[in-house]
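Grab the viewer and a pencil. Here are some exercises to work through, each with a solution you can check step by step.

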Amino acid sequence: MKTYWAIGENALPDSARRRFLTAGALVVGFAFVRPLRAFEREPDLAAVGALDAAATGFDGFVPDGFIRISVDGRIVLVVPSVEMGQGIATGEAMMIAEELEVGLDQVEVELAPADQHAYTQSLLKAQATGGSTSVRAFFIPLRQAGAAARTMLIGAAAERWRVSPAECTVARGVITHQRTGRTLTYGAVASAARRQAVPGEVSLKPASQFKLIGKPAKRVDTAAKVNGTARFGIDTIVEGMRVAAIAMCPTIGGRLLSLDERASRALPGVVDILRIDDAIAVVGENYWTAKRGLDLLKIEWDAGPHATLTSATLAESLRSADATPINGSLTGDPDRVIEEAGQRRIEATYDLPYLAHAALEPINTTIHVRPDGCDIWVGTQVPEIARIVAAEIIGLPPDKVIVRNHLIGGGFGRRLAVDTIQQAARFGMQVGYPLKIIWTREQDIQHDRFRPAYHDTIAAALDSDGLPMAWIHRTRSGTVRSYYDRKPWPQGQLDGDAVAGAKDLPYAIPALRSEWVRQDGPVALNWWRGVGETHNVFVVESFLDELAHIAGQDPVAYRRALLGNNPRSLAVLNKAAQASGWGKPLPPRCARGISLHDSFGTHAALVMEVEVDTQGEIRLRRATVAVDCGIAVNPNSVLAQIEGGVLFGLSAALYNGITFEGGRVQQSNFHDYRQIRINEVPPFDVFVMPSDEKPGGLGEVGTVSAAPALANAIYAATGVRLRALPIDRNELGEKGKQS
Amino acid sequence: MQSAKSSQPWPVTRLVINGKTVDVTVPADMPLLWVLRDVLALTGTKFGCGIGQCGACTVHLDGNPVRSCVLPISAIKGEITTIEAIGETTAGKRVQAAWLALEVVQCGYCQSGQIMSAAALIARNPHPRDQDIDAAMSGNLCRCCTYPRIRAAIKVA
């Protein structure tokens, strides 16, 4: 790895690039992917033509959107997913390099520019990064892209030597004619490779021949992130740029009523004061003068229709939601079995809070709107959607809007939403200069689009062995889709996210229904790390733990008894239990709790060991994880994602809930929206099961595991069952059994 | 971007940053963070919370870690070192090397601040115990939760 570019700064001219990217898209089968519903644009099949690198402005071989090899030997791999810490730039580069037969030390890695034709991925059906989908979606296409390019490069060398390609081998970007020992580098045949036919089919290496995949690799973005040179969106500096601090209506749905800006205008360094319906931007020579100018504004807001909204009213409307339930899944006749279960019928209710993402890089966008086009410097999980929504607001064709995507200083789902880019476009189109908008931490939290709150009721009937023979899980929530999609989510249609982690359990339960009661409200929603699974697995794994205790059985043994058809989950359960010392004695007020789930194509078991003192304070003593994610593309990243993901989930379970009073979010910054810190972090053991299965997702797996394992451990330590998050220490302190 | 010189009626403040003397003409109450980022284009130091709660803006003032987001430049008496130059110090170099060897970073946004806090710790205590690490590093949030590797890296630095 040589350099790590800010994205798109050296991108190819858009019109030229499209042609070749689309040709590449055919090679890897993207052209048959259905585009994202809300932003539909058909692939331009007419543009698929012969390769003609001269028109790309790149002097070399550009077989598709992912690979560029220059005549002087530079090898650039363009990774389609957005890097926000999860290590995907490295993982995807490994996939391409594996089949291209180059080392990671020989390549430059760039993040893809906005281009739905080239970079739409098959699971999200958009150029988007989220839902732990990247590795699953790109594991085959990126290796195919590497193999196709390698085939063409070898073909060019063979043609020059007038030999059969079958007589040639390749390693580390050097092609060798075995019989004569002649060699050519990729750079030397880059021009000639342009004339090779794009192969219709390529075969991929079996896992046993992998040189890169499955072996720990150094991240490609590390060096820049330890010396301060890595560029995030907020670090954008462009000629003539001004910086804005903004005020946003504090109540949901409120509007600007009146503004006295005289004092602010008189402040030295204040350049402009801009208004949109629900926000004001004070533009300064730098952020600080803008912020000082902002503080001098006299603003009157029309609080709007939700001025009396409180968390209590939101919770009540969720509890009383009575829309017709929509089935997520149905096996057998759980209603009848539970109805007839009598004393063996168990029920519980769970509540989960709204959550903010609170990524450390506050929301920011830099935008330069001109009559003929627009540049946007930002970190987004959805570059193509960002481009389209900005173009619509500004009134430009989408191809006149260039999204220069950046490394993201923590995504966790927040940068799937484009509300912040839309706001920037509305301000930016009022001025002719490049405008950088930075939200404060308080705005980042209070004007987030939140993880939905949930109210779940769950019931089971136990058989004579104490195991669940019927199970009904009803979740009540809004749908993120209502706030994300362009068209309203149809009433009566299932949002799969609402029942993800509830509809398919790792366990064999003969009669099961998961269902969803939709209750949209005024709070704007968004996906949050772990998505539907984070919520549902907390309910499922907590309730299963309740059942085990009611049945008088050990929680691990109880789960084991339900895993007859699920050897991969059984294996991680057994590994985590054994490695954590499950069942071995612990000091007073200390205990272990387990969680198990299959999410994003990965199986994971977590044992949390905690101590709860008599005041209800919780100390994390140890975390033990066993994970089967199929082929671990970069085992180093697997460990990092599991550790980080578990701690991210623990942080929320321990501390976080967004609450409302008077239509306003009550939390504001890290003093009242607390996050886990290094002194709270327990020792970690993570075990990755060897596997040749196809790779599963990882970015969210640990987060899903966290809360239920923690709550189950707290129950084991105190006898207090936590059916709501975040954890209420008062409840533990008052009711916790004394040691 | 604004140049260090300005036509505005602000005082000239002389600062020593990464061994260089610079004069900036900005409001005297401007926090060092925004002077670094918006005036001097030293963007390695990050804005995270604005109230000294997250540590992303950590720089050294005469070798001690300080939160630049709440440090008005008028209050600065001493030499500033930022992430851009910390690799020129013995401790900073060791910390950066350890961060690379142990693959600490994920999103990376907090890591400038983490490295500055860790470098200050290592400079005064080359072999910190766990309690020393907790005390020195608990002011630095990492939302990716790279904490286990941060601890391990400090121990090998």
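## Exercise 1: a helix pair in chain A

Begin with the residues: A:Glu533, A:Thr534, A:Val537, A:Phe538, A:Glu541, A:Ser542 and A:Asp545 of α16(A) meet A:Thr703, A:Val704, A:Ala707, A:Pro708, A:Ala711, A:Asn712 and A:Tyr715 of α20(A). Keep in mind that this is a predicted model.

**Task.** Sort the residues in the contact of α16(A) with α20(A) by class, then work out how the two helices are oriented to each other.

**Solution.**
- Step 1: sorting the contact by class gives seven nonpolar, four polar and three charged residues.
- Step 2: get the geometry. Helix α16 (residues 531-550) and helix α20 (residues 701-718) of chain A pack at an angle of about 30 degrees, and their axes are 8 Å apart.
- Step 3: compare with the cut-off. Angles under 35 degrees count as roughly parallel, so α16(A) and α20(A) are roughly parallel to each other.
- Step 4: add the handedness. The crossing of α16(A) past α20(A) is right-handed.

## Exercise 2: chain A as a whole

**Task.** Decide how the radius of gyration of chain A compares with what the globule rule gives, and then break the chain into domains.

**Solution.**
- Step 1: take stock of the secondary structure, which comes to 21 helices and 27 strands in chain A.
- Step 2: the radius of gyration of chain A is 27 Å, and the globule rule gives 27 Å for 739 residues, so chain A is as compact as a globular protein of that length.
- Step 3: look at the extents. The C-alpha trace of chain A spans about 80 × 75 × 45 Å along its principal axes.
- Step 4: the domain assignment splits chain A into domain 1 (14-226), domain 2 (233-303 + 363-438) and domain 3 (312-354 + 450-735).
- Step 5: turn to domains 2 and 3 of chain A, whose centres are 37 Å apart. Their contact takes 10 residues from domain 2 and nine residues from domain 3. On the domain 2 side, that means six nonpolar, three polar and one charged residues.

## Exercise 3: two backbone oddities

**Task.** Which residues does the cis peptide bond join, and in which loop does A:Glu101, with its positive phi, lie?

**Solution.**
- Step 1: recall the background. Most residues other than glycine have a negative phi, and most peptide bonds are trans.
- Step 2: the cis bond joins A:Leu725 and A:Pro726, with omega about -5 degrees. A:Pro726 sits in the loop between α20 and α21 (729-735) of chain A.
- Step 3: A:Glu101 isn't a glycine, yet has a positive phi of about 65 degrees. Find A:Glu101 in the loop between α2 (88-100) and β4 (107-111) of chain A.

## Exercise 4: chain B, inside and out

**Task.** Describe how chain B meets chain A, then how the two domains of chain B meet each other.

**Solution.**
- Step 1: count the contact between chains, where 51 residues of chain B touch 54 residues of chain A.
- Step 2: find the main contributor. On the chain B side, α6(B) gives the largest share, four residues.
- Step 3: sort that side by class, and you get 30 nonpolar, 15 polar and six charged residues.
- Step 4: now go inside chain B, which is divided into domain 1 (12-85) and domain 2 (86-156). The centres of these domains are 20 Å apart.
- Step 5: 16 residues of domain 1 of chain B are in contact with 15 residues of domain 2 of chain B. On the domain 1 side, the largest share, three residues, comes from β3(B). By class, that side has seven nonpolar, eight polar and one charged residues.

Methods
Residues numbered from 1 in each chain as written. Chains lettered and ligands numbered in written order. Predicted model: local features only at pLDDT ≥ 70, side-chain atom pairs only at ≥ 80, totals over all residues. Axes fitted to C-alpha atoms, helices over the stretch in contact; angles between N-to-C directions. Parallel < 35°, antiparallel > 145°, perpendicular 65-115°, else oblique. Left-handed = near helix turned anticlockwise from the far one by under 90°. Contact = placed C-beta atoms within 7 Å. Nonpolar A, V, L, I, M, F, W, Y, C, P; charged D, E, K, R; others polar. Domains from an automatic or database assignment. Rg over C-alpha atoms; globule rule 2.2 N^0.38 Å.
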